[in-house]
Amino acid sequence: MRVNISILYKQLVDSIAKKNNEIFKAHEELSTSKKINRPSDDVASYSKAYNYKIKLNYIEQFKRNGEYADGVLKFLETQLNNITDNLDRALELSILGLNSTEDNISRNAIGSELKNISDYILSIANSKYEGNFVFSGLKSNTEAYPTTTSLFAGETGKLNININEVSSMSLNISGDNLFSFKHFSSSSLITPENKYIYYNSSSDGSLNIEIRDTDNVTVLKKINVSNVMDGISKLSDAFKKNDLVEARALSEIISFAKQQAVIAQTEVGFKLSRLEKQQQALDETELIYSKLLSDIQDADITIVASEIASIQTALEALRVTAAKVFSHSLLDFLR
Amino acid sequence: MSLLSIFDIGRNALFANRTAMSVTSHNIANVNNTDYSRQEVIFGTETPTKIRDGFLGRGTTVETIKRSYDRFLTDMLINQENTLGKSTILKNILSQIEEVFNESNRNGLTDAINKFFNALEDLSTNPSDISKRIVLLNVADELVSQFKTIENSIEDITNNIMFEISTLVKKLNSLGNDLSEMNKKIAQLEAGGNDKANDLRDKRDAILKELSSIINISYYENNDKDLVVMIGMRNFVNGGAFNELSAIPTEENVRFMLDNIDISNKIAGGKLNGLIESINFIKNEVLYKIRKLSAGFTNEFNIIHSNGYNLNNNQGVMFFLPISNIYYEEHSQNSTVTSISVNNFTDLKFDEYYITFKPGNIYEITNKYNNQVIASGNYISGSPIIFDGISVTITGTVADGDSFFISPIKNFIKKVGINITSPEEISLASIPNAPSDNSSLLNLIALKEKKAASLGNKNIYDFLNETISRVGALSASADDNLKFEQALYDETANKKSIAQGVNLDEEAVNLIKYQRAFEAAAKVIQVANELYETLVKLV
């Protein structure tokens with residue numbers, strides 16, 4: 001083979017260029033810490049890495065949603081605790097007031113405290129979280145119960161948020177489930193004075209109470225209670241005017257309200273614990289995907305560094321031998 | 001027998017060896033010229049004279065200067081220039097396109113889409129929150145601008161390609177001109193004799209190589225002198241004449257004319273072919289997919305959004321600017337499009353269509369990408385034709401073969417924007433008067449997983465992932481191809497160099513050889529001179 005000098009030159013130049021290329025790639029891996037710096041480096045892995053990154057983004061977003069939900073639910077929990085505490089006190093007071101040994105003056109005092117409780121529960125019903133009235137349902141820009149005697153002014157409906165890829169959680173409690181009477185089943189009772197009391201919930205959420213005389217026919221009084229706070233307020237009036245029958249009729253409302261509140265509390269408690277588990281699960285999944293992503297795309301620094309070292313050695317050897325080969329030709333030796 | 005004949009023999013030897021030394025130094029001077037083929041001197045004897053004792057030789061002469069030329073290797077190399085040229089172009093362009101979509105080390109379209117859906121999710125926890133609504137408007141702006149940036153970058157690449165095509169065609173024509181001039185010179189120099197114009201032939205081969213790298217050519221030598229080069233079966237260079245290749249850009253791509261014949265579909269190799277294939281790939285796959293994605297997604301979003309109620313209790317508000325300005329091309333003498341608009345947003349499929357006319361005033365609507373006929377019917381001038389959500393009205397007389405090209409996506413990205421000016425206008429509720437209702441918003445969020453018909457039944461992320469992977473795969477294989485072609489080319493170039501190249505050591509030996517022979521010939525003359533003097537002294 002007549003290998004001539006231009007072939008040797010070309011070979012040297014090509015080899016050095018190849019080695020330089022390898023060094024360039026290795027440097028890129030070092031500076032970005034990634035094996036894959038463009039899709040063509042490894043198309044299948046790039047595609048997988050792409051999907052992992054999307055998943056990780058989802059997980060982060062769900063965690064954010066979960067944190068927000070946690071804040072809202074904890075706030076609701078606090079408010080519900082306030083309500084049940086106050087309802088407990090109201091029940092205590094009403095039992096005390098109905099006790100025949102009490103006299104007018106103490107019943108007056110009981111009435112006053114009950115009025116305070118009614119006002120306080122009203123303020124809780126209209127409490128706000130991050131600018132929204134929390135018990136107004138979907139009409140978060142209006143008060144749930146603008147006055148003690150108003151009907152529910154919000155919009156019943158669920159605010160659902162996504163807590164993971166397949167499930168959502170509702171974040172609100174509609175005020176009418178706590179403070180209105182739509183779940184009050186029709187019933188009746190007989191007072192110690194042998195008067196008959198009939199309860200019927202109306203379609204607008206208010207409660208119709210009918211007090212009949214001992215003959216169970218004559219209607220003595222009809223009371224329409226708009227909501228729980230209204231009920232407690234009317235109970236306070238009844239104690240103040242010493243009307244025990246009316247007081248007896250109205251005190252049923254407190255147990256009902258307590259029931260509703262406890263149901264809501266259980267729901268919130270359950271949601272909070274579900275959220276906690278959910279966040280843990282998200283953390284674990286995040287770890288898994290992060291690891292998968294890292295395995296695919298991260299460069300192993302030690303491997304890259306040793307690659308660079310071996311390329312450097314090869315490059316040096318090339319340069320040294322080339323220098324020796326090209327330094328002489330026959331023309332140098334002919335006289 | 002005359003004494004003077006020894007002088008002649010000596011003189012012939014001197015000339016011959018001096019010529020040989022010139023040729024050797026010519027070789028040495030051209031040692032780095034890759035197009036040069038080594039020349040060697042062929043010695044022969046002068047015609048002998050008859051003398052009483054037999055035939056007496058009269059010295060040496062240079063018969064010819066031979067060029068060591070391997071036809072097979074040269075042809076192979078010229079062919080490989082062609083494939084190498086195409087592979088080089090393809091690799092360059094595909095890696096540029098890949099870079100436009102590469103999000104390994106920077107934030108791009110996928111990141112913008114992520115941020116968009118994240119803002120929607122954040123809004124879902126508190127839909128009436130104005131600051132969160134403002135965030136949504138901001139990330140929506142970013143998303144729109146990402147689409148525009150990508151389209152711009154790709155169009156920049158396309159513009160560069162078109163410019164490169166016109167530059168290459170100019171180069172091609174200039175080479176063709178040079179080749180025809182070279183043909184004339186060679187014909188002149190070689191006229192009448194048997195000697196070859198070696199250096200000019202080397203130069204001609206070099207021009208041929210460069211031509212081949214640009215476009216696929218077929219060539220042959222006729223009359224042993226003229227090189228005829230053909231492109232697409234038409235004469236490009238024929239002896240001293242050459243025809244210009246012209247490139248005429250059209251809407252769809254470029255038309256190549258040689259000798260008044262359209263040879264566009266005969267261009268099968270070389271850089272030009274690489275450029276044309278790249279443009280086709282970009283227009284029919286890359287731009288098509290990105291435009292389809294942006295138009296399809298914003299349309300689905302708009303449909304859900306306009307069903308919802310906003311904080312002003314209004315329905316029917318579009319979030320993104322809807323499709324308008326549907327692009328069309330007319331290829332008809334006597335009819336024209338008098339109106340074109342969206343007929344039903346839900347029916348839009350975001351493909352590109354041809355409306356072609358057949359004999360008997362029948363129209364056929366074909367989908368450009370799967371060649372399926374999606375509708376046909378009788379043409380009535382002025383009556384709207386409705387298909388895939390689009391309504392087109394054509395007025396005038398149509399002839400068989402007339403066609404119209406309709407594209408709802410071609411101008412979409414350029415015109416897209418956010419239709420909403422204030423955060424209260426964002427519609428997230430399904431019922432009026434319910435600012436905390438996020439049920440319509442949840443439907444919007446569900447779009448990220450929804451397999452859309454306009455995206456070939458894939459969701460946005462899968463569609464984008466597939467598009468990017470395809471570009472990446474093509475870029476990787478173009479890279480591999482180039483390495484392979486380059487290795488092959490280098491092999492052949494080496495073989496050619498071995499067969500035709502100059503070896504300095506060999507030439508050094510030749511130099512000494514001819515120098516010694518020259519010295520010996522000079523010695524012969526000196527001896528002849530002394531003999532002559534001796535003879536003269538005798539008398």
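This is a short tour of a predicted two-chain model, one selection at a time.

Some housekeeping before you click: residues are numbered from 1 along each chain as its sequence is written, and chains are lettered from A and ligands numbered from 1 in the order in which they are written. Because the model is predicted, local features need pLDDT of at least 70 and side-chain atom pairs count only at pLDDT 80 or more, while totals for chains, interfaces and linings use all residues, and side-chain values use heavy atoms, with hydrogens and water left out.

**Stop 1: chain A on its own**

Select chain A and zoom out. Its C-alpha trace spans about 145 × 35 × 25 Å along the principal axes. The radius of gyration is 40 Å, whereas a compact globule of 335 residues would be near 20 Å (taken over C-alpha atoms; the globule rule is 2.2 Å times the number of residues to the power 0.38). Switch on cartoons and you get 8 helices and 8 strands (DSSP runs, H or I of at least four residues for helices and E of at least two for strands, numbered from the N terminus).

**Stop 2: two hairpins in chain A**

Now select A:196-225. Strand β6 (196-201) pairs antiparallel with β7 (207-212) of chain A over 6 bridges; strands count as paired if DSSP finds at least two bridges between them. To find one bridge, pick A:S201 and its partner A:L207. The β6(A)-β7(A) hairpin has 5 residues between its strands, and A:G205 in the turn has a positive phi of about 95°.

Carry on along the chain: β7(A) also pairs antiparallel with β8 (219-225) of chain A, again over 6 bridges. Here A:E210 is bridged to A:K222. This hairpin has 6 residues between the strands, with A:N216 in the turn at a positive phi of about 60°.

**Stop 3: over to chain B**

Select B:353-378. Strands β14 (353-358) and β15 (362-367) of chain B run antiparallel with 6 bridges, and B:T356 sits opposite B:E364 as a bridge partner. In the turn, which has 3 residues between the strands, look for B:G360 with a positive phi of about 85°. Next, β15(B) is joined to β16 (373-378) of chain B by 5 antiparallel bridges, with B:Y363 partnered by B:G377. B:N371 takes a positive phi near 55° in that hairpin.

For another sheet, show β5-β6-β7-β8 of chain B: 4 strands in that order, open and antiparallel. Its edge strands are β5 (218-222) and β8 (241-242) of chain B.

**Stop 4: where the chains meet**

Show both chains. How many residues does the contact take from each chain? Chain B gives 55 and chain A gives 46, contact meaning heavy atoms within 4.5 Å. About 4400 Å² is buried between them, with carbon and sulfur atoms giving 50% (accessible area, 1.4 Å probe, that two parts lose on being put together, summed over both). Highlight B:T125, B:N465 and B:I498, which supply 13% of the area chain B buries against chain A, more than any other three residues.

Then select A:R64 and B:D122. They form a salt bridge with the closest N and O atoms 3.9 Å apart, one of 2 between the chains (a Lys or Arg side-chain nitrogen within 4 Å of an Asp or Glu carboxyl oxygen). Finally, colour the chain B helices that each supply at least two residues of the side touching chain A: α2 (71-101), α3 (109-125), α8 (439-445), α9 (460-500) and α10 (504-538). The largest share, 15 residues, comes from α9(B).
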